[in-house]
Amino acid sequence: MALDILIVFLKAVFIVLTVLTFGAILTWVERKQSAVMQDRIGANRAQILGLRMIGLFHILSDAIKMFTKEEFTPERADKFIHMLAPMLSLFFALVTFTAIPFGNVLRLGGKEINLQVAGLNASVLFVFAIVSLGVYGVVLGGWASENNYSFLGGLRASAQMISYEVTIGVAIIGALLIYNTLDLQEMVRYQGHMYLGWIPRWGIVLQPLGFLLFLVAGIAETKRVPFDLPEGESEIVGYWVEYSSMRWGMYMFTDFIEMVLLAAMTTTLFLGGWQIPWLAADGFHFPWGMAIGLPHVVVALLQVGAFFLKVVFLLWFQMLIRWTLPRVRYDQLMRIGWRYLLPLSLANVVVTAAVLLLIG
Amino acid sequence: MTAFLFYVFAALAVAGGLTLILHRNPVYSALSLIVTMFSLAALFAMLDAQFLAIIQVLVYAGAVMVLFLFVIMLINVRLEQRLPQRFTAQTAVAVALGIILLVEVIQIGLTGSKMLGPVATELSAKEVGRVQTLAGLLFTKYVLPFEVATILLLVAIVGGIYFAKRKLR
């Protein structure tokens, strides 16, 4: 019993630390990747004893800066909610990761460890439930600042998030119909097979439209360019305008963690999660007859590695989008969400269900 | 452990309910209602009703309350004002219903859960809360009430759109 609790605790610590590390590195990637794309050098001044590490020390210096800056609360703000709101944002973004399977079952010393913090029966719904609570952090932050601009920013943010949550929810129904389960770990297991021996049975192959819709609506949920109207650092005043120091840092960090969440969910639902093509429980079995036997621990570690590699790829892809596309207008945002994405995702559900009914 | 968690969440639910009616700031009232709903979801989860718990958070805490909060903030209610209280028929009915509910709750508390009838079926406690079990029952045995509920929701949606459009004209 005590050992079980310890194992769950260790898994939770592992995933939280990993996600926080991803978030921290993303603050650097954001600056460096944009610099590379725009033919600049980018952040490279922070140094320790002359060592520059391609600008990686900027993560440290940013953290020190944010923790030591003045924490300002507006005079007429609602002090309690003003303090609470960014914490809510960050908390709900982090809690979702308890449901995400980052590996298969690991057998250590006769003990079977499911590499997923909470093995829920309906884990995909759990993630959506917690994500939908993330709206509170934003809308309360905008309201509590007692500033009309930040209040409007908060309303813009919640309208956008509610609108695109609908599409996200409908976009994955097609995939759920195929997988026939609401359990994320089971979904990944389903994606382990092959068609004709070489096409992986991943969600992206079975549900290409669902994948695209999920990704687009997911990027809108993370509130980043091209859907960054709630924040708009440079032109539009957003919900976090009255926040400073680490409280603002929490909001910014939430965005990066939501990026990681979107990458992890897309990987799990559409890119086969921790599956590696041709890798079975006892090693690789290639279709041309070659086989490489591997011990269990190596296979488990390879799968965990594959999961995070796919997440890194999707993070790179999101950064690419963020620094390529211009921002949409607010009416365009609503039109894209309600008049294009939602009908398309509904059509996707109908077509998928019909095809499944015909195949039987 | 389970008993301890039960008392924590039960206390949170009651505290949320009390703050909801006692606090003068409507935003705080809405937030306390969210706390209550979240605690109820935790209680459901402890009863192995995972699906119900998640739906409780997803629908009530995540969707309904966001709109509540939205409206409260949009019409910009500040502190609640004390209106001159008048004794109307509504008050009388409310008090009567409240007393009946209170008596019922006390009686159930005294006699235990015996009078609620048998709960257990052929399924084990772990099985009952599963999505598959719930969906199976909803689409076979209880398909009529389920479909009636969807029509009720559709009527509400149509009514909502009608009122929204009528104001614009």
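When I call a residue buried today, I mean that its relative accessible area is under 20%; exposed means over 50%, and partly exposed is anything in between. Please also keep in mind, everyone, that the structure you see is a predicted model.

Let me start with the charged pairs. Side chains of opposite charge can pair when their charged atoms come close. Over all chains, the count comes to 11 salt bridges. I picked three of them for you.

Here is my favourite. A:R322 pairs with A:E30, and their closest N and O atoms are 3.5 Å apart. A:R322 sits in helix α11 of chain A, residues 296-322, while A:E30 belongs to helix α1 of that chain, residues 2-37, so this salt bridge ties together parts that are 292 residues apart in sequence. Are these two residues buried or exposed? Both A:R322 and A:E30 are buried, because buried here means under 20% relative accessible area. There is a third partner to mention too: A:E30, A:R224 and A:R322 are linked in a network of salt bridges.

Next, have a look at A:E146 and A:R76. This salt bridge has its closest N and O atoms 4.0 Å apart. A:E146 is in the loop between α4 and α5 of chain A, and A:R76 is in the loop between α2 and α3 of chain A, so the pair ties together parts that are 70 residues apart in sequence. As for accessibility, A:E146 is partly exposed, at 32% relative accessible area, and A:R76 counts as exposed, at 64%.

The third pair stays within one helix. A:R189 and A:E186 meet through their side chains in a salt bridge, 3.4 Å from N to O. They are 3 residues apart in helix α7 of chain A, residues 184-190, which means that about one helical turn separates them. A:R189 is partly exposed at 31% relative accessibility, and A:E186 is partly exposed at 38%.

Now, on to the empty spaces. Searching the whole structure turns up 6 cavities of 30 Å³ or more. The largest cavity holds about 180 Å³ of space. It is lined by 14 residues, and those closest to its centre are A:V131, A:I168, A:E221, A:L261 and A:L262. Which helix supplies the largest share of that lining? That would be α10 of chain A, with 4 residues. Sorted by class, the lining of the largest cavity has 9 nonpolar, 2 polar and 3 charged residues.

Let's turn to the pockets. The largest pocket has a volume of about 1800 Å³. Its lining has 37 residues, and A:L125, A:I173, B:I55, B:L58 and B:V59 lie nearest the centre. Two or more lining residues come from each of α4, α5 and α6 of chain A, and likewise from each of α3, α6 and α7 of chain B. The helix that gives the most is α3 of chain B, with 9 residues. By class, this lining has 28 nonpolar, 8 polar and 1 charged residues.

The second largest pocket comes in at about 1500 Å³. Among the 37 residues that line it, A:A118, A:L120, B:L5, B:A45 and B:M46 are the closest to its centre. The elements of chain A that give two or more residues to this lining include strand β2, residues 111-114, and in chain B they include α1 and α2. The class split for the second largest pocket is 25 nonpolar, 6 polar and 6 charged.

That's my tour, thank you for listening!

Conventions:
Residues are numbered from 1 along each chain as its sequence is written. Chains are lettered from A and ligands numbered from 1 in the order in which they are written. This is a predicted model: local features need pLDDT of at least 70, side-chain atom pairs count only at pLDDT 80 or more; totals for chains, interfaces and linings use all residues. Side-chain values use heavy atoms; hydrogens and water are left out. On a 1 Å grid over the protein atoms alone, a cavity is a set of points where a 1.4 Å probe fits but cannot get out, and a pocket is an open set with protein on both sides within 12 Å along at least five of seven lines; lining residues have an atom within 4 Å of a point. Grid points are joined across faces, edges and corners, and a volume is the space filled by probe spheres set on the points. Ala, Val, Leu, Ile, Met, Phe, Trp, Tyr, Cys and Pro count as nonpolar, Asp, Glu, Lys and Arg as charged, and the others, Gly among them, as polar. Buried means under 20% relative accessible area, exposed over 50%, partly exposed in between (1.4 Å probe, protein chains only).
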